[in-house]
Amino acid sequence: MTRLKWNFILAFVFLILNAILIPIAIALDHDSVKFYISILACPIISFILPILQLLLKKNWPVLLELIICVQAYLGLSISCAFNMYNYWYNWDMVLHGAMGVEALIFGYYLLLLFGGKDLSFLKKALILIMFVLGVAALWEMIEFIGGKIFNEDFQKVFDPREKDGVNDTMLDIIIAFVTSLITLFIFAIDNLCSRRLQKLIDKALIDSKSKENEDV
């Protein structure tokens, strides 16, 4: 089965998982306007990669689609259906910690795709760290804009549990930075040993049969 088919299957699976959350949210009295916007946005996000893949005739990895679907599902649908941000204060940090690892994988794929395979580990690490920090900062901008649109305090600026107005924003960026550093440290050890993890990730990201990856 081709990557395109797998990516569409994943998108449809998460479409079903989103639909399952609707009666749950209603039963918990969490079926707010924000929930329905999230439950609509999540499937749309899930189908972006396979649709672009189909239109552009690309062969993008299933791992990237899985990352997109899981992050959208947890950050939007699950968060709203179970009101996670209110019931678990550190839920936001968990998502941003996961984002640090996910952004690192995305960045690594782009690095391979655009000829960075032969760079030294240190150069790769520096580029990837900058990429993760950029993604983390971009997400904070999205949270800020989303908060203004929906009149929500997504960045906990007015939360009495926060020490100051920038605490949540900076912690979100820092946790993504820390998890990406930990991931790079694990890969550094792997590079000094068997490189099994490196080969596994490379296999998941690079399709040797695809023309677009012949020079990678």
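Trainee: Where does arginine 195 lie?
Mentor: Good place to start! The model is predicted, so to speak of local features we need pLDDT of at least 70, side-chain atom pairs count only at pLDDT 80 or more, and totals for chains, interfaces and linings use all residues. Residues are numbered from 1 along each chain as its sequence is written, and side-chain values use heavy atoms, with hydrogens and water left out. With helices taken as DSSP runs (H or I, at least four residues) numbered from the N terminus, arginine 195 sits in the loop between helix 7 and helix 8.

Trainee: Is arginine 195 buried, partly exposed or exposed?
Mentor: Buried means under 20% relative accessible area, exposed means over 50%, and partly exposed is in between, using a 1.4 Å probe and protein chains only. Arginine 195 has a relative accessible area of 36%, so the label is partly exposed.

Trainee: What is the phi of arginine 195?
Mentor: Most residues other than glycine have a negative phi. Arginine 195 is not a glycine, yet its phi is positive, at about 65 degrees.

Trainee: Which residue in the loop between helix 3 and helix 4 has a positive phi?
Mentor: The residue in question is not a glycine, and its phi is about 50 degrees. At 23% relative accessibility it counts as partly exposed. It lies in the loop between helix 3 and helix 4 (84-87), and its name is asparagine 83.

Trainee: How are helix 7 and helix 8 oriented to each other?
Mentor: Two packed helices are described by the angle between their axes and the distance between the axes. Axes are lines fitted to C-alpha atoms, for helices over the stretch in contact, and angles run from 0 to 180 degrees between N-to-C directions; under 35 degrees counts as roughly parallel, over 145 as roughly antiparallel, 65 to 115 as roughly perpendicular and the rest as oblique. The axes of helix 7 (residues 167-192) and helix 8 (residues 196-205) come within 7 Å and cross at roughly 110 degrees. The two helices are therefore roughly perpendicular.

Trainee: Which residues of helix 8 make the contact with helix 7?
Mentor: Contact means heavy atoms within 4.5 Å. Helix 7 brings Ile186, Phe187, Asp190 and Asn191. From helix 8 come Arg196, Leu197, Gln198 and Ile201.

Trainee: How is helix 1 oriented to helix 3?
Mentor: Helix 1 (residues 3-27) and helix 3 have their axes 10 Å apart. Their packing angle is about 10 degrees. That makes helix 1 and helix 3 roughly parallel.

Trainee: How many residues in the contact of helix 1 with helix 3 are nonpolar?
Mentor: Ala, Val, Leu, Ile, Met, Phe, Trp, Tyr, Cys and Pro count as nonpolar, Asp, Glu, Lys and Arg as charged, and the others, Gly among them, as polar. Members of this contact include Trp6 and Leu10 of helix 1 and Val62 and Cys69 of helix 3. Three are polar and two are charged, while the nonpolar count is 14.

Trainee: What kind of aromatic pair do phenylalanine 14 and tyrosine 73 form?
Mentor: Rings of Phe, Tyr and Trp (its six-membered ring) pair if their centres lie within 6.5 Å; planes under 30 degrees apart count as stacked, over 60 as edge-to-face and the rest as tilted. Phenylalanine 14 is in helix 1 and tyrosine 73 in helix 3, 59 residues apart, and both are buried. Their centres are 5.6 Å apart with 75 degrees between the planes, making the pair edge-to-face.

Trainee: Which element gives the largest share of the largest nonpolar core?
Mentor: A nonpolar core is a set of buried Ala, Val, Leu, Ile, Met, Phe, Trp, Tyr and Cys residues joined through side-chain atoms within 4.5 Å. This one has 22 residues, of which Leu64, Tyr108, Leu184 and Leu205 touch the most other members. Elements giving two or more residues are helix 3 (62-81), helix 5 (91-113), helix 6 (121-150), helix 7 and helix 8. The largest share, six residues, comes from helix 5.

Trainee: What is the relative accessible area of glutamate 140?
Mentor: Glutamate 140 has its place in helix 6. Leaving out residues up to four places away in sequence, it touches His96, Gln155, Thr169, Asp172 and Ile173. Glutamate 140 is buried, with a relative accessible area of 4%.

Trainee: And what is that value for serine 180?
Mentor: Serine 180 lies in helix 7. Not counting residues up to four places away in sequence, it touches Gly100, Leu104, Ile129 and Val132. Serine 180 is buried, and its relative accessible area is 0%.
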